[in-house]
Amino acid sequence: MVRNKLDTFGNANIIIASLCIIAFIINSIFVEESALLEISADRATAYLSNILAGCQGVLGQIGALSYESVFETGQWWRIITHIYLHAGIVHLTLNMIALLLVGKVIESKIGSIQYAGMFHIYAIISGVICCYVFKTLSVGASAGIFGMIGMLYVLKLKKDDECNRFLKKGEFIYLIAFSILSNIGLETLVSHMIPFALGIATEYLILKKSRSNIQRS
C-alpha cells in the first residue's frame, strides 16, 4: 500500500510534503513563552491560534524569510527553510493538496531529482526577489507549487496523454481554484506569478528539446 502511494505521488513529492508536515508539527509544539504572549494571554488560546493561522514556533523564528534576516544579517539558510514552514493548518493543508496533485504529474514526467531541483529553484528565485522587493516575512511552499502548476498547464494545453491519465478532472479543477484563490494581494500575486511564468517557460523548453531529439533520431 505504501509502495503504491509512493508510485502514485512520487518519491520526491512525498518527501517534500512530509518535511512540510513535520516542520509544521514541530513549529506548533515548540513555541517560546514570549511568542505565545504576543498572540494571547491565555496559553491554550495562543497555541490554538498558532496552529490555525500562525508561524510563531521555534522553527518559524529561525527559518522564516525576511529582508532583515537574509540581506542584513546574512542568514541565507532561510531562503530554503521558509519553503517548509506554513502559517497555520489551513495554509499547510491547501498547499499540500495542491503539491501532491501537481507533483504526481510533473515528477512522473521529468523524474524525482529534476522535480525536486526545479521545485526548489522556483521557490528560491521567487523568495529572494519578493523578499528584496517587499521586505515582509514569508513562509510556504506555494512558490514551488506554482512553478509546477505552470508546467502542468502547458501539458494540459498540449493535451498530454500521461497528464490526462494521472490527473482527474476534479483534481484539475482544484488546482485551477487554488491558482485563483491563492493570489490575494500584490505580494502574493508576484510571488506566485514569477515561478508560474518560469514553469511555463521550462516546460516549453523541455517539449522543444524532446521534439528536437525525436527529429534527430
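Is Tyr153 buried, partly exposed or exposed? In this predicted model, Tyr153 has a relative accessibility of 21% and is therefore classed as partly exposed. The cut-off for burial is under 20% relative accessible area. Phe172, with a relative accessible area of 19%, is therefore buried. The rings of these two residues form an aromatic pair with a centre-to-centre distance of 5.9 Å and an angle of 85 degrees between the planes, an edge-to-face arrangement. Because Tyr153 belongs to helix α10 and Phe172 to helix α12, the pair ties together parts that are 19 residues apart in sequence. Phe172 also has a charged group over its ring: the charged end of Lys156 sits 4.6 Å from the ring centre.

A pair of aromatic rings is described by two quantities, the distance of the centres and the angle of the planes. A search of the whole structure yields nine aromatic pairs. One of them, Tyr174 with Phe178, has ring centres 6.3 Å apart and planes at 20 degrees, so this pair is stacked. Both residues lie in helix α12, where they are four residues apart, about one turn of the helix. Their accessibilities place them in separate classes: Tyr174 is partly exposed at 23% relative accessibility, whereas Phe178 is buried at 6%. Elsewhere, Tyr67, Phe71, Trp76 and Tyr132 make up one aromatic cluster. Within this cluster, the face of Tyr67 is covered by Lys135, at 4.6 Å from the ring centre.

The largest nonpolar core contains 35 residues, and Ile106, Ile145 and Leu152 are those with the most contacts inside it. At least two residues of this core are supplied by each of α2 (11-29), α8 (89-110), α9 (112-134), α10 (142-157) and α12 (169-181). Helix α8 contributes the largest share, nine residues. With residues up to four places away in sequence left aside, Ile145 touches Asn95, Ala98, Leu99, Val102, Phe119 and Phe178. Phe178, one of these partners, is the buried member of the stacked pair described above.

The largest pocket has a volume of about 560 Å³. Its lining comprises 27 residues, of which His91, Val139, Ser142, Thr188 and His192 lie nearest the centre of the pocket. Two or more lining residues come from each of α8, α9, α10, α12 and α13 (186-216). Helix α9 gives the most to the lining, with five residues. Helices α8, α9, α10 and α12 thus appear both among the contributors to the largest nonpolar core and among those to the lining of the largest pocket.

Two lysines in loops have unusual backbone angles in the following sense. Most residues other than glycine have a negative phi. Lys135, although not a glycine, has a positive phi of about 55 degrees. This residue is placed in the loop between α9 and α10, and with a relative accessibility of 42% it is partly exposed. The same residue lies over the face of Tyr67, as noted above. Lys159 likewise has a positive phi, near 55 degrees. Lys159 is part of the loop between α10 and α11 and is exposed, with a relative accessible area of 65%.

Helix α11 spans residues 161-166 and includes Glu162. Arg165 is also found in α11. Glu162 is partly exposed, at 24% relative accessibility, while Arg165 is exposed, at 60%. For both residues, a C-alpha distance to Val105 is available. Glu162 is 57 residues from Val105 in sequence, and their C-alpha atoms are 7.8 Å apart. Arg165 is 60 residues from Val105 in sequence, with a C-alpha to C-alpha distance of 9.1 Å. Apart from residues up to four places away in sequence, Glu162 touches Ser108 and Lys109.

Notes:
Residues numbered from 1 in each chain as written. Predicted model: local features only at pLDDT ≥ 70, side-chain atom pairs only at ≥ 80, totals over all residues. Heavy atoms only, no water. Core = buried A, V, L, I, M, F, W, Y, C linked by side-chain atoms within 4.5 Å. Buried < 20%, exposed > 50% of the residue type's maximum accessible area, 1.4 Å probe, protein only. Contact = heavy atoms within 4.5 Å. Phe/Tyr/Trp six-rings, centres within 6.5 Å; stacked < 30°, edge-to-face > 60°. Lys NZ or Arg CZ within 6 Å of the ring centre and 35° of its normal. 1 Å grid on protein atoms, 1.4 Å probe; cavity = no way out; pocket = protein on both sides within 12 Å on 5 of 7 lines; lining within 4 Å. Points joined across faces, edges and corners; volume = space filled by probe spheres on them.
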